Amino acid sequence: KPENVLLDEDGRVHLVDFGLSRLAGDGGAGATTHLTRTDVILGTYEYMAPEQRRGEKDVDARADIFALGATLWTLLTGEVIRRLLGASDEGLPLDVLPEPLRPVIERCCAHKRGRRYRSVAQVSAALRQAVKQIPEDPPGRSLAVSVEDVPSLAPSTPRAATPPPAPA
């Protein structure tokens, strides 16, 4: 999800919060940690692939590709695609995205996993190709977006620290 994608001062992307994967690796070599129970789903629902939300057991890398597509959508628009929670591949609101990115996001977010990219390498290649086709600054509009332009990503206002109580 977008909250787990951070940019450093040099513009490098860092992924954070691998809570579930870290939990899976805890316990030393050969240890098994059960992350789920029957009828229990872990994760952020809006970014889960349909097969995950249905509780299917044969989830594969295409679920991560769905989450990546939903995350890219949110990062580019500042909105969560609520319609991704529906059962249709049709009608994703892609008109707000630059034209070259639309088919990439659409394929990542396909409801039927057979329509999604099979690997992250395929997504990466498609994104690289799409980005090459985006003009730097279309007439009358800049694609440059700052974090402050996207309310869901803007840093929250820091709260004033409460001073410690005076010694008695």
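Me: Why is Val13 called exposed in this model?

Reply: The model is a predicted one. Val13 has a relative accessibility of 52%, and a residue counts as exposed when this value is over 50%. Val13 therefore counts as exposed.

Me: Where in the secondary structure is Val13 found?

Reply: Val13 belongs to strand S2, which covers residues 13–15.

Me: What makes Val13 part of a nonpolar surface patch?

Reply: Residues of such a patch need over 30% relative accessible area, and Val13 has 52%. The nonpolar side chains must also be joined within 5 Å. The resulting patch consists of Leu7, Val13 and Leu15 and has an area of about 320 Å².

Me: Is Asn4 buried or exposed, and how do you know?

Reply: The relative accessibility of Asn4 is 16%. Buried means under 20%, so Asn4 counts as buried.

Me: Where does Asn4 lie, and which residues does Asn4 touch?

Reply: Asn4 lies in the segment that precedes strand S1 (5–7). Leaving aside residues up to four places away in sequence, Asn4 touches His14, Leu15, Val16 and Asp17. Leu15 is also one of the residues that make the nonpolar patch.

Me: How many disulfides does a search of the whole structure find?

Reply: The search finds zero disulfides. A disulfide is a covalent bond between the sulfur atoms of two cysteines.

Me: Why is no bond assigned between Cys108 and Cys109?

Reply: A disulfide requires two cysteine sulfur atoms within 2.5 Å. The cysteine sulfur closest to that of Cys108 is in Cys109, at 6.2 Å, and is therefore too far for a bond. Taken from the side of Cys109, the closest cysteine sulfur is in Cys108, again at 6.2 Å and too far for a bond.

Me: Are Cys108 and Cys109 buried or exposed, and what decides this?

Reply: The cut-off for a buried residue is under 20% relative accessible area. Cys108 has 0%, so Cys108 is buried. Cys109 has 4%, so Cys109 is buried too.

Me: What share of the protein chain counts as buried, and what makes up the accessible surface?

Reply: Of the 168 residues in the protein chain, 26% count as buried. The accessible surface amounts to about 11,800 Å², and carbon and sulfur atoms contribute 55% of this area.

Me: Which pattern of helices and strands does the protein chain follow?

Reply: The protein chain contains five helices and two strands. Along the sequence, the order is β-β-α-α-α-α-α.

Technical notes: Residues are numbered from 1 along each chain as its sequence is written. This is a predicted model: local features need pLDDT of at least 70, side-chain atom pairs count only at pLDDT 80 or more; totals for chains, interfaces and linings use all residues. Side-chain values use heavy atoms; hydrogens and water are left out. Helices (H or I, at least four residues) and strands (E, at least two) are DSSP runs, numbered from the N terminus. Buried means under 20% relative accessible area, exposed over 50%, partly exposed in between (1.4 Å probe, protein chains only). Accessible areas come from the Shrake-Rupley method with a 1.4 Å probe; for residues, only the protein chains shown count as cover. Patches are made of residues with over 30% relative accessible area and no salt bridge: like charges are joined within 9 Å, nonpolar side chains (Val, Leu, Ile, Met, Phe, Trp, Tyr) within 5 Å. A salt bridge is a side-chain nitrogen of Lys or Arg within 4 Å of a carboxyl oxygen of Asp or Glu. Contact means heavy atoms within 4.5 Å.
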